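Visitor: Please take a close look at a single part for me, one chain in detail. Keep it brisk, and spell out the cut-offs.

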Amino acid sequence: MTALVAYTVARCGRAQVWVAPWLTFVVAVALLDAPSGRAADALALSTVTLLFVAAWLTIATLGSQAPEQAGVLAAAVGGARRERLGAQLAAAVGSAVVVPVSLLVAWVESRNPAQPASLAHGLSVPLVVTALLAHVVAGVCGTVVGAALARPLVTSRVVSLLVVLLVGVLLVVVPWAPVSVAVSRTGHPTWGGAALVAAVAVAVVAVGAAVAWWTAGLAARRA
Amino acid sequence: MRFVEVTQRYADVDVLAGVDLELDGYVVVRGPNGSGKSTLLRIAAGAVEPTAGRVEGRPRHVGYVPERFSPPAGMRADAYLRRTGRLLGLDAAASASRAEALLRRFDLRPGPAARLGTLSKGNRLKVGLAHAFLAPVGLVVLDEPRDGLDDAAAAVLDDLVDEALARGATVLRAAHDDVAPGATLLRVGGGAVRVERAATRAATPGPRTGPDSDTGLGHGREAPDVRVTARVREPDGTGRTLVLTGAERDAALLAVLRRGGSVLEVRPTPADLGRSETATGTEAETETESSKGHP
């Protein structure tokens, strides 16, 4: 699986598949400045952004390879399902790359001299821990949703985009939806909140792995 | 490797319908366009899972060349093979050295550092074939690999197939022609796969023959079942009489000519002569009489 992830990272790097989602993330997180100027709000915002960017990046990763080439890799690694899971894992790695940007923007936010009040709400340890766990929740949710909406399961880009937006918004606004919990706890960081987000992250990784396994099986039959 | 009740459905059409199949040695798959050859190969290689049924005993790693080989355009040929070698279970050093050796053997132009997107169709296919034979895998699946290859590369392909068979691998190959006279021949069509001819030689390969060779000579397609008696003279002057099945005929005679011998006469064999010998088919085994110093 490591070799397959390395291959996919090299392929997407060479073809610049991830550049557009990465730049979009950086620009969105930098420009959509938290109105309050609080680091916690900046990190909550970047969590939401990561959800959508991870979904986009996954759709781009899985859709940027010729089906015939996916077949060559599937044969080499022991099956189409395994190949699909490897590509999804690589997409998750690609999404994780932007997480330091979130922390950097929040750090800059916390040191902004124009907003002295922000010093009181700067980067605390519970905030950083909660925010990192929240990014795991958003990244995994985005990757799993993107994998379910990528070729060959959904061939229309428009349909993929609309469903990503719909599911993404639901994950953010519905109370007790995983991203919703992660975002709200990041906005008001405490050690208790961090523990809750950690539990959500574990659940999301477990359920996400099961869903990814299932959608990879569906894709393997349609490859 | 075994297909058990394998069905593949596309848009309500069963391209393969409940296929049971045992694959071993050298297997050539024939059939008209759209008959399901490529589907059969894709399922065998593990590139797609069948709609129903299962494939048993497939090796973990399979060398597969699809009908349209579309590798990542921006990657260098050697880097591609080094990376896919890792997927096939090779370590980094083995992957790199084997990739280098195979690209040299195929004479990739302009060179191993070329980007895959800049290669001609034939040269790109060489990279695909090099991938399929990169590691000592137990199964190699080739979907019409001759298309677009020059004669020299086709000869390398035949040698690689022979080497894979010699180490005990199964080679499954789709082709429009009967490229390997000794191989099992399957015909796909109407959702079914039928064994048109069982293997007439063991997996250990004989001389390279057939239209894939650099001669481009024919292969008895007009009368595959005709048994003939051929009188030949070896380069050392030894005269021999061979009884050959249609499928082995051209291969054996071509081998004599390649050795520098001559074919003196070929005529249909009466039904009662050489019946028992024709099952195995190489000229040595079907020799029925010989006479030293034949003119």
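Guide: What follows is a walk through chain B, from its overall make-up to its contact side.

This is a predicted model, in which local features need pLDDT of at least 70, side-chain atom pairs count only at pLDDT 80 or more, and totals for chains, interfaces and linings use all residues. Residues are numbered from 1 along each chain as its sequence is written, while chains are lettered from A and ligands numbered from 1 in the order in which they are written.

Start with the make-up. Chain B has six helices and 13 strands. These are DSSP runs, numbered from the N terminus: helices are H or I with at least four residues, strands are E with at least two. Chain B has 295 residues, and 46% of them count as buried (20 or more other C-beta atoms within 10 Å of the residue's own, with C-beta atoms placed from the backbone). Contacts here mean C-beta atoms, placed from the backbone, within 7 Å. Take the contacts in chain B between residues at least 6 apart in sequence: 73% of them join residues at least 24 apart.

Next, the domains. Domain 1 of chain B covers 2-197 and domain 2 covers 228-291; such bounds come from an automatic or database domain assignment. The C-alpha centres of the two domains lie 33 Å apart.

Now the strands. Strands pair if DSSP finds at least two bridges between them. One open sheet of chain B has three strands, in the order β2-β1-β4, with antiparallel pairing. Its edge strands are β2 (13-22) and β4 (52-56) of chain B, each pairing on one side only. β1 (residues 2-10) of chain B meets β4(B) over four antiparallel bridges. In that pairing, Thr7(B) stands opposite Ala52(B).

A hairpin comes later in the chain. β8 (residues 184-189) and β9 (residues 192-197) of chain B pair in the antiparallel sense over five bridges. Leu185(B) faces Arg197(B) across the pair. Two residues lie between the strands, and Gly190(B) in the turn has a positive phi of about 60°.

Last, the side that touches chain A. There, 26 residues of chain B are in contact with 24 residues of chain A. α1 (37-45), β5 (62-65) and α2 (77-87) of chain B each supply at least two residues to this side. α2(B) gives the most, with four residues. By type, the side of chain B divides into 13 nonpolar, seven polar and six charged residues. Here Ala, Val, Leu, Ile, Met, Phe, Trp, Tyr, Cys and Pro count as nonpolar, Asp, Glu, Lys and Arg as charged, and the others, Gly among them, as polar.

Key
Contact = placed C-beta atoms within 7 Å. Buried ≥ 20, exposed ≤ 12 C-beta atoms within 10 Å, placed from the backbone.
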